[in-house]
Amino acid sequence: MTQADDLGRVVIPKEIRRTMRIREGDPLEIFTTRDGEVIFKKYSLIGGLEDFAAQFCDTLARSSDFTAVITDRDSVIATSGPGKRELIGRALSPELEQLMEGRSIYQRSKGDAAVPVCEGSDHLFTATAAPILCQGDVLGLVLFAAGVDQYPGESEYKLAQTVAAFLGRHMEA
């Protein structure tokens with residue numbers, strides 16, 4: 001049980017924050033039900049663009065031999081290509097979250113360790129990933145995923161970079 005203080009603030013227990021991947025400063029949505037329940041939901045700017053992101057993924061997947069993926073900070077929100085069912089809605093792997101925090105474009109080369117896209121994924125790995133930046137904050141990633149023996153080229157690098165920049169500017173508008 002938790003209580004609201006005189007300013008209306010509520011403490012979300014550490015265990016719940018860890019499980020739900022809620023970090024300090026993360027925006028939350030607050031809803032109420034007819035039964036008087038209060039529901040806290042993590043807010044995702046990118047998550048509101050699922051249909052738009054899905055269209056981008058379809059176009060990207062047709063332009064390459066890779067699976068196209070768009071994520072928010074926690075999970076896959078849109079994907080197209082082989083492995084779509086395996087990825088959609090799944091939590092990002094800790095390794096991919098670290099890449100995202102680095103705020104730079106990643107491109108896998110021969111000899112690099114394979115970075116799984118999602119937790120528990122055993123055959124789709126990150127080939128190229130570009131952070132979606134909005135006013136200095138990382139909102140998610142545009143990435144191409146592939147098997148462990150597939151390596152991206154310059155076109156995947158440029159496509160991921162271009163779409164990530166476009167989505168970041170779109171979110172600022």
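Here are a few exercises on this predicted model, each with a worked solution.

Some ground rules: residues are numbered from 1 along each chain as its sequence is written. Local features need pLDDT of at least 70, side-chain atom pairs count only at pLDDT 80 or more, totals for chains, interfaces and linings use all residues, and side-chain values use heavy atoms, with hydrogens and water left out.

**Exercise 1: the sheet**

Work out the order of the strands in the open sheet, and find which strands stand at the edges.

Solution.
- Step 1. Helices (H or I, at least four residues) and strands (E, at least two) are DSSP runs, numbered from the N terminus. Two strands pair if DSSP finds at least two bridges between them.
- Step 2. Follow the five strands across and you get β4-β3-β7-β6-β5, with antiparallel pairing.
- Step 3. β4 and β5 each have a single partner strand, so one side of each has no neighbour in the sheet; these are the edges.
- Step 4. Zoom in on β3 and β4: four bridges join these antiparallel strands. For A68, the bridge partner in β4 is S80.

**Exercise 2: the helices on the sheet**

Which strands does α2 lie across, and which does α5 lie across?

Solution.
- Step 1. Contact means heavy atoms within 4.5 Å. Axes are lines fitted to C-alpha atoms, for helices over the stretch in contact, and angles run from 0 to 180 degrees between N-to-C directions.
- Step 2. α2 lies across β3, β4 and β7, at about 35° to β4.
- Step 3. α5 lies across β3, β5, β6 and β7, at about 25° to β6.

**Exercise 3: the cores**

Find the residues that touch the most other members of the largest nonpolar core, then list what L167 touches.

Solution.
- Step 1. A nonpolar core is a set of buried Ala, Val, Leu, Ile, Met, Phe, Trp, Tyr and Cys residues joined through side-chain atoms within 4.5 Å. Buried means under 20% relative accessible area, exposed over 50%, partly exposed in between (1.4 Å probe, protein chains only).
- Step 2. Among its 24 residues, I70, I132, V142 and L167 touch the most other members.
- Step 3. Two or more residues come from each of α2 (50–62), β3 (67–71), β4 (76–80), β6, β7 and α5 (154–172).
- Step 4. Leaving out residues up to four places away in sequence, L167 touches F52, F56, I70, I132 and V142.

**Exercise 4: an odd phi**

Where is Q135, and is Q135 buried or exposed?

Solution.
- Step 1. Q135 sits in the loop between β6 (125–134) and β7 (137–146).
- Step 2. Its phi is near 50°, positive although Q135 is not a glycine.
- Step 3. Q135 is exposed, with a relative accessible area of 65%.
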